[in-house]
Amino acid sequence: MTRAARRARRGFTLISVLIAVVMLSVGLLALAKVQTSIVRTQRETALRSVALSVARSYVEEIRSRDPWTLASEAPVQVDLRGQVAVGGPLTRRTIVIQDAVNLLRITVQVDYPGQRQPVQLITMAYRG
């Protein structure tokens with residue numbers, strides 16, 4: 001058997017195995033970091049969706065009221081269903097601004113933990 005043939009049959013060297021293990025480790029660490037990021041983003045998206053739902057339902061509740069009785073409301077803590085709850089995870093506030101003689105701009109803002117931006121919904125009400 002020639003020298004080249006013997007060299008081809010010897011198999012992997014320790015260096016090549018170590019390089020393969022290091023490359024595999026780097027890949028697994030990158031995968032773990034991406035997984036953590038995905039879980040965090042999914043949690044934030046779920047909270048934002050709940051905050052949007054709370055804001056929508058409160059806007060509908062406000063729109064069903066008499067426009068002459070509408071006024072700004074101080075921030076209040078609410079639960080995930082929008083019900084007032086001490087220590088609730090969400091904070092809801094309402095801002096009513098008179099844009100014209102009979103026109104109100106109503107902003108419902110819901111803050112949630114870990115937010116980048118609060119959820120804000122704006123609607124208009126006419127005092128006829």
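These are numbered notes on the fold, the sheet, the core and one loop residue of this chain.

1. Status and make-up. The model is a predicted one. The chain holds two helices and four strands. Read along the sequence, the order is α-α-β-β-β-β. The helices come before the strands in that pattern.

2. Overall dimensions. The chain has a radius of gyration of 29 Å. A compact globule of 128 residues would have one near 14 Å. The box around the C-alpha atoms says more about the outline: roughly 105 × 30 × 15 Å along the principal axes. Keep these values in mind when viewing the model.

3. Surface and burial. Of the 128 residues in the chain, 21% are buried. The accessible surface comes to about 9300 Å². Carbon and sulfur atoms own 61% of that surface.

4. Contacts along the sequence. Take the contacts in the chain with a separation of 6 or more. Residues 24 or more positions apart account for 38% of them.

5. Strand pairing, β1 to β2. β1 covers residues 73-78 and β2 covers 90-100. The two pair in the antiparallel sense, over four bridges. One pair to look up is Val 78 with Leu 90, its bridge partner in β2.

6. Strand pairing, β2 to β3. This pairing is also antiparallel, and it runs over nine bridges. β2 and β3 form a hairpin, with two residues between them. Ala 100 stands opposite Leu 103 of β3. Further along, Ile 95 has Thr 107 of β3 as its bridge partner.

7. Strand pairing, β3 to β4. β3 and β4 pair in the antiparallel sense over eight bridges. Within this pairing, Arg 105 stands opposite Met 124 in β4. β3 thus has pairings with β2 and with β4. β3 is also mostly covered: seven of its nine residues are buried.

8. The nonpolar core. Which residues touch the most other members of the largest nonpolar core? They are Ile 62, Leu 70, Leu 90, Leu 104, Ile 106, Val 108 and Val 110, out of 17 residues in that core. α2 (14-63), β2, β3 (103-111) and β4 (119-126) each supply at least two residues of the core. The largest share comes from α2, with six residues.

9. Val 108 up close. Val 108 is among the core residues that touch the most other members. What does Val 108 touch, leaving out residues up to four places away in sequence? Its contacts include Ala 55, Tyr 58, Val 59 and Ile 62. Arg 92, Arg 93 and Thr 94 are also touched by Val 108. So are Val 119, Gln 120 and Leu 121.

10. Asp 79 in its loop. Asp 79 sits in the loop between β1 and β2. Is Asp 79 buried or exposed? It is buried, because its relative accessible area is 16% and the cut-off for buried is under 20%. Not counting residues up to four places away in sequence, Asp 79 touches Val 54, Ala 85, Pro 89 and Leu 90. Leu 90 is the bridge partner of Val 78.

11. Polar partners of Asp 79. A polar atom of the Asp 79 side chain lies 3.0 Å from the backbone nitrogen of Gly 82. The backbone nitrogen of Gln 83 lies 2.8 Å from a polar atom of that side chain. In both cases the partner atom is a backbone nitrogen.

Conventions: Residues are numbered from 1 along each chain as its sequence is written. This is a predicted model: local features need pLDDT of at least 70, side-chain atom pairs count only at pLDDT 80 or more; totals for chains, interfaces and linings use all residues. Side-chain values use heavy atoms; hydrogens and water are left out. Buried means under 20% relative accessible area, exposed over 50%, partly exposed in between (1.4 Å probe, protein chains only). A polar contact is a pair of N or O atoms within 3.5 Å; within protein, one must be able to donate a hydrogen and the other to accept it, and residues adjacent in sequence count only if both atoms are side-chain atoms. Contact means heavy atoms within 4.5 Å. A nonpolar core is a set of buried Ala, Val, Leu, Ile, Met, Phe, Trp, Tyr and Cys residues joined through side-chain atoms within 4.5 Å. The radius of gyration is taken over C-alpha atoms; the globule rule is 2.2 Å times the number of residues to the power 0.38. Accessible areas come from the Shrake-Rupley method with a 1.4 Å probe; for residues, only the protein chains shown count as cover. Two strands pair if DSSP finds at least two bridges between them.
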